[in-house]
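Student: I'm new to this structure and would like a close look at a single part. Could you pick one strand and walk me through its surroundings?

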Amino acid sequence: MSTYPRAVTTRAAQYTATVLRREQLSDHLVRLTLGGDGLADFTSTGIPDEWVGLVVPGQFQSRYYTVRRWSGGELVLDVVVHESGLVTEWAAGDCVGDEVVINEAKGSFDLPEGPDGCCSSVT
Ligand SMILES: Cc1cc2nc3c(=O)[nH]c(=O)nc-3n(C[C@H](O)[C@H](O)[C@H](O)COP(=O)(O)OP(=O)(O)OC[C@H]3O[C@@H](n4cnc5c(N)ncnc54)[C@H](O)[C@@H]3O)c2cc1C
């Protein structure tokens with residue numbers, strides 16, 4: 001029996017969040033820490049590969065981002081900065097203090113059944 005539920009969603013919930021911190025981890029990788037009262041009711045699926053939809057200011061389309069950490073009311077996302085793109089161009093600038101929308105927390109990881117779990121195909 002799998003430890004994690006398959007393709008679980010926390011309904012079509014939406015949360016507003018504020019960018020608390022922006023760290024430039026490398027030339028093309030930015031770490032964003034989101035927080036604020038709007039995230040108080042955020043519900044994690046608890047699934048290891050959990051991702052959320054991110055809608056940045058002035059946009060209505062979401063882009064998916066993997067949850068790096070959800071702890072103490074703060075949600076951490078790592079954004080790869082490409083040459084162009086809705087989130088790319090926003091995250092490349094000074095976005096601290098901006099308000100974003102987070103939606104659709106989901107996860108799909110499903111631990112294979114059986115005593116060998118993930119390692120059953122490793123030789
Ligand atoms: C389940 C899931 C989880 C994800 N988690 C993350 C995550 O944690 N961090 C992260 O950075 N991305 C993640 N992605 C990928 C991210 O959603 C896409 O890269 C997204 O399109 C980026 O949005 P954008 O607005 O910057 O670019 P868009 O407006 O969507 O795209 C515009 C242009 O950006 C360039 N571009 C976009 N994506 C890529 C790419 N992957 N490689 C090369 N060029 C690209 C292309 O030139 C594209 O035409 C995830 C995707 C999925 C499905």
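Tutor: Let's look at β4 and then at what lies around it. This is a predicted model, in which local features need pLDDT of at least 70, side-chain atom pairs count only at pLDDT 80 or more, and totals for chains, interfaces and linings use all residues. Residues are numbered from 1 along each chain as its sequence is written.

First, the setting. The protein has 1 helix and 7 strands, where helices (H or I, at least four residues) and strands (E, at least two) are DSSP runs numbered from the N terminus. Read from the N terminus, the order is β-β-β-β-β-β-α-β.

Now β4 itself, which covers 51-55. Its side chains alternate: Val52 and Leu54 point to one face and are buried, while Trp51, Gly53 and Val55 point to the other and are not. Buried here means that 20 or more other C-beta atoms lie within 10 Å of the residue's own, with C-beta atoms placed from the backbone; 12 or fewer makes a residue exposed, and anything in between partly exposed. Across the protein's 123 residues, 20% count as buried.

What does β4 sit beside? It pairs with β5 in the antiparallel sense over 4 bridges, and with β7 in the antiparallel sense, also over 4 bridges; strands pair if DSSP finds at least two bridges between them. On the β5 side, Leu54 has Arg63 as its bridge partner. In β7, Val101 stands opposite Val55.

Stay with Leu54 for a moment. Leaving aside neighbours within four places in sequence, Leu54 is in contact (C-beta atoms, placed from the backbone, within 7 Å) with Ser62, Arg63, Tyr65, Leu77, Val87, Val100 and Ile102. Those partners come from well along the chain, and in the protein as a whole, residues 24 or more positions apart account for 66% of the contacts with a separation of 6 or more.Leu54 also belongs to the largest nonpolar core, which has 21 residues; Leu34, Leu54, Leu77 and Ile102 have the most contacts inside it. Such a core is a set of buried Ala, Val, Leu, Ile, Met, Phe, Trp, Tyr and Cys residues joined through C-beta atoms within 7 Å. Besides β4, the elements giving two or more residues to this core are β2, β3, β5, β6, α1 and β7. In soluble globular proteins, nonpolar side chains tend to be buried together.

One last stop is the ligand. It is surrounded by 15 residues, counted when the C-beta atom, placed from the backbone, lies within 6 Å of it. The largest share of that shell, 4 residues, comes from β5, a strand that pairs with β4.

Definitions and conventions. Contact = placed C-beta atoms within 7 Å.
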